[in-house]
Amino acid sequence: MKHKYSAIIALAFATPTITAFSQGQAIEDHPAYLDIQSAIDISVTQPTVNVNLPKFLLNSALADLELPPMEPESGQHQRLGLITELKDLLSDVKLIRVLVFDRNSSHREVVEAAIPELKKQLNADWMPIVSVPEENVGIYAKGDASGEAMLGMAVVIDEGDTVIIANI
């Protein structure tokens, strides 16, 4: 159980190198967009958690993270540094998507069929950067054509009764 959360945290902290995507294009057209719904129809089997944070919501949340002027002894310099790092980290992120499915639902077969389909998509176009087969954990990255910049990341964790799929 602890591995799934560390994988998502690793995914979030790796995002500063994700390259920019031109304004006005649909997020589905981004080369690092993982088409989760082609593998699992969420209208048939509802996820227990469905996080979908597009750029405009991230920008709104980051705008609210302003701090008042620092007082030298207040310790706010650490908090300000963390907020600045978080803003930098998320500046080029276009979408954070996390879905959690319960295998014990009435649509177990739909969830189970989705995992090989997603892994097929990921293995075709993405580079596995962390693989823990005995724990069914996979973290993938997708680079640009030059191989110099990261376009996005994805996580698939299949742990017993829980399946987690994330895409940044």
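**Figure 1. The lining of the largest cavity in this predicted model.** Sorted by class, the residues that line the largest cavity comprise 8 nonpolar, 2 polar and 2 charged residues. The space inside this cavity comes to about 90 Å³, and among its 12 lining residues those closest to the centre are I27, H30, K94, L95 and I168. The structure holds 1 cavity of 30 Å³ or more. Rolling a probe the size of a water molecule over the atoms shows where empty space is left.

**Figure 2. The salt bridges around R103.** R103 takes part in a salt bridge with D158, in which the closest N and O atoms are 2.6 Å apart. R103 lies in the loop between strand 2 (95-102) and helix 5, whereas D158 belongs to strand 5 (residues 150-159), so this pair ties together parts of the chain that are 55 residues apart in sequence. Are R103 and D158 buried or exposed? Both R103 and D158 are buried, and for R103 the relative accessible area is 10%, which counts as buried because it is under 20%. The side chain of R103 also meets that of E112 in a salt bridge, with a distance of 3.3 Å from N to O.

**Figure 3. E112 and R108 within helix 5.** A salt bridge links E112 with R108, and here the closest N and O atoms are 2.8 Å apart. Both residues lie in helix 5 with their positions 4 residues apart in the numbering, about one turn of the helix. E112 has a relative accessibility of 34% and counts as partly exposed, and R108, with a relative accessible area of 36%, is likewise partly exposed. Which residues are joined into one network by salt bridges that share partners? The network consists of R103, R108, E112 and D158, and a search of the whole structure finds 3 salt bridges.

**Figure 4. The surroundings of Q121 in helix 5.** Q121 is found in helix 5, which covers residues 108-125. A polar atom of the Q121 side chain lies 3.4 Å from the backbone oxygen of D35. When the neighbours within four places in sequence are left aside, the residues in contact with Q121 are L34, D35, S38, A39 and W126, so that D35 appears both in this list of contacts and in the polar pair.

**Figure 5. N50 in strand 1 and its contacts.** N50 lies in strand 1, which is made up of residues 49-54, and at 39% relative accessibility N50 counts as partly exposed. How many residues apart in sequence are N50 and V98? They are 48 residues apart in sequence, while in space their C-alpha atoms are 6.0 Å apart. Not counting residues up to four places away in sequence, N50 touches I42, R97, V98 and L99.

**Figure 6. The protein chain as a whole, as a setting for the close-up views.** The secondary structure of the chain comes to 5 helices and 6 strands, and from the N terminus on these elements follow the order α-α-β-α-α-β-α-β-β-β-β. Of the 168 residues in the chain, 37% are buried. Among contacts between residues at least 6 apart in sequence, 67% join residues that are at least 24 apart.

Technical notes:
Residues are numbered from 1 along each chain as its sequence is written. This is a predicted model: local features need pLDDT of at least 70, side-chain atom pairs count only at pLDDT 80 or more; totals for chains, interfaces and linings use all residues. Side-chain values use heavy atoms; hydrogens and water are left out. On a 1 Å grid over the protein atoms alone, a cavity is a set of points where a 1.4 Å probe fits but cannot get out, and a pocket is an open set with protein on both sides within 12 Å along at least five of seven lines; lining residues have an atom within 4 Å of a point. Grid points are joined across faces, edges and corners, and a volume is the space filled by probe spheres set on the points. Ala, Val, Leu, Ile, Met, Phe, Trp, Tyr, Cys and Pro count as nonpolar, Asp, Glu, Lys and Arg as charged, and the others, Gly among them, as polar. Helices (H or I, at least four residues) and strands (E, at least two) are DSSP runs, numbered from the N terminus. A polar contact is a pair of N or O atoms within 3.5 Å; within protein, one must be able to donate a hydrogen and the other to accept it, and residues adjacent in sequence count only if both atoms are side-chain atoms. Contact means heavy atoms within 4.5 Å. A salt bridge is a side-chain nitrogen of Lys or Arg within 4 Å of a carboxyl oxygen of Asp or Glu. Buried means under 20% relative accessible area, exposed over 50%, partly exposed in between (1.4 Å probe, protein chains only).
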